[in-house]
Amino acid sequence: MAEVRRVGMLTGGGDAPGLNGVIRAVTVKCIEDYGYEVVGIKRGWKGLLAPEEDSVQKLTVDDVRYILDEGGTVLLSSRTNPYKKEGDAEKVVKNMQEFGIDALVAIGGDDTLGVASRLHKDFGVQVVGCPKTIDNDLSGTDTCFGYDTAVSIATEALDRIRTTARSHERILVVEIMGRHAGWITYGAGLAGAANVTLIPEVEPDLDAIADLFKKRAERGERWGVVAVSEGVTIGEEYITQTAERDEFGHVRLGGIAETLANELKERTGIDTRHVVLGHLQRGGTPTAYDRILSTRYGIRAAEAVKNGEWGKMVALRGSDIVTVSLEEATGETRTVPEDLYDVLKTFFG
Ligand code: F6P
């Protein structure tokens with residue numbers, strides 16, 4: 001193992017509340033306990049692929065002391081993929097060497113950590129990963145930081161929507177983020193007592209949903225709340241906002257709530273509207289749970305650097321923070337299992 005003196009840290013992909021908690025913990029632990037120098041790399045992999053003047057900056061304990069409660073990421077983020085174009089991964093490795101970065105803490109979801117895993121495998125990059133995503137869809141860990149905050153925001157939104165839906169005797173369809181995994185919608189639908197919750201893992205039955213709302217109307221409740229995940233499909237195709245794809249090949253989802261609202265209005269005759277929560281779910285201050293989890297992840301990531309646990313990701317297993325292989329963690333999207341969805345179905349109606 002090459003000796004570590006300077007540790008780089010980057011955040012990639014969609015931001016998530018808690019990123020600054022990890023940055024703070026890694027910085028403090030690495031400097032105070034291990035005497036490393038820490039540098040922040042701006043804009044994810046872009047900061048190493050196409051560095052600008054501000055791309056690599058020294059982080060001190062004073063820089064991070066008060067950022068635990070701040071949303072977003074002080075290191076900025078991007079969806080840059082160094083494996084999209086031939087030769088770019090080599091550039092990242094070369095720039096790491098030029099900046100004197102001996103070890104890297106990569107904080108991200110499956111895309112960012114997938115790149116970290118490949119850089120380790122292909123070039124022996126000394127990297128440790130940390131699982132971030134509001135979508136909560138990384139394998140190898142019980143939960144990702146950012147998820148708890150997103151679920152709390154979506155739950156509060158459902159609580160608020162319910163009172164106006166009832167007052168105006170409307171069905172309100174609420175579109176929730178999560179791409180191809182329904183974790184946020186599942187959690188918010190349960191905690192926010194939606195009348196129907198739809199996740200990408202299960203194909204919706206529009207007739208059954210319309211019947212449910214007709215029955216509610218028959219017993220005097222001409223209103224209701226539907227929580228729907230942005231990745232739910234009616235038929236084969238995802239509903240998208242543009243034809244564009246990002247560098248990792250992801251489409252920009254959005255529009256299922258509107259489509260569903262129109263379908264339900266037609267089938268039930270009840271006034272039906274829709275709301276898209278969008279980036280509200282990602283912004284703002286993290287919950288106490290995410291502040292604690294991100295701090296524990298950051299401390300363990302610094303320890304992993306000290307131990308030379310390269311190619312590993314910090315993970316929550318039960319109440320312990322452990323390390324797992326990055327390859328394992330990024331191999332497969334973790335989706336909502338059927339038995340959990342069944343729990344939710346008990347409360348449909
Ligand atoms: O991965 C997190 C996430 O918020 C998804 O839930 C969502 O589909 C996507 O990012 C949106 O990404 P962007 O902000 O780049 O459009």
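**Ligand site and the β9–β10 hairpin**

The ligand sits in the largest pocket, where sitting means that more than half of its atoms lie within 2 Å of the pocket's grid points. A pocket is an open set of points on a 1 Å grid over the protein atoms alone, where a 1.4 Å probe fits, with protein on both sides within 12 Å along at least five of seven lines. The model is predicted: local features need pLDDT of at least 70 and side-chain atom pairs pLDDT 80 or more, while totals for chains, interfaces and linings use all residues. Side-chain values use heavy atoms, without hydrogens or water, and residues are numbered from 1 along each chain as its sequence is written.

Residues surrounding the ligand (a heavy atom within 4 Å) are R79, I134, D135, M177, G178, R179, E230, H279 and R282. Polar contacts are pairs of N or O atoms within 3.5 Å. An N or O atom in the side chain of E230 is 2.6 Å from a ligand oxygen. For R79, the distance from a side-chain N or O atom to an oxygen of the ligand is 2.9 Å, and a polar side-chain atom of R282 also lies 2.9 Å from a ligand oxygen. Of the 400 Å² of accessible area that the ligand has on its own, the protein covers 82% (Shrake-Rupley method, 1.4 Å probe).

Strand β9 spans residues 240–245 and has zero buried residues among its six (buried: under 20% relative accessible area, 1.4 Å probe, protein chains only; strands: DSSP E runs of at least two residues). β9 pairs with β10 (residues 251–253) in the antiparallel sense over two bridges, pairing requiring at least two DSSP bridges. R245 stands opposite V251 in β10. Five residues separate the two strands of this hairpin, and G249 in the turn has a positive phi of about 90 degrees.

Definitions and conventions. Buried < 20%, exposed > 50% of the residue type's maximum accessible area, 1.4 Å probe, protein only. Helix = DSSP H or I, 4+ residues; strand = E, 2+ residues; numbered from the N terminus. Polar contact = N/O pair within 3.5 Å; in protein donor to acceptor, adjacent residues only side chain to side chain. 1 Å grid on protein atoms, 1.4 Å probe; cavity = no way out; pocket = protein on both sides within 12 Å on 5 of 7 lines; lining within 4 Å.
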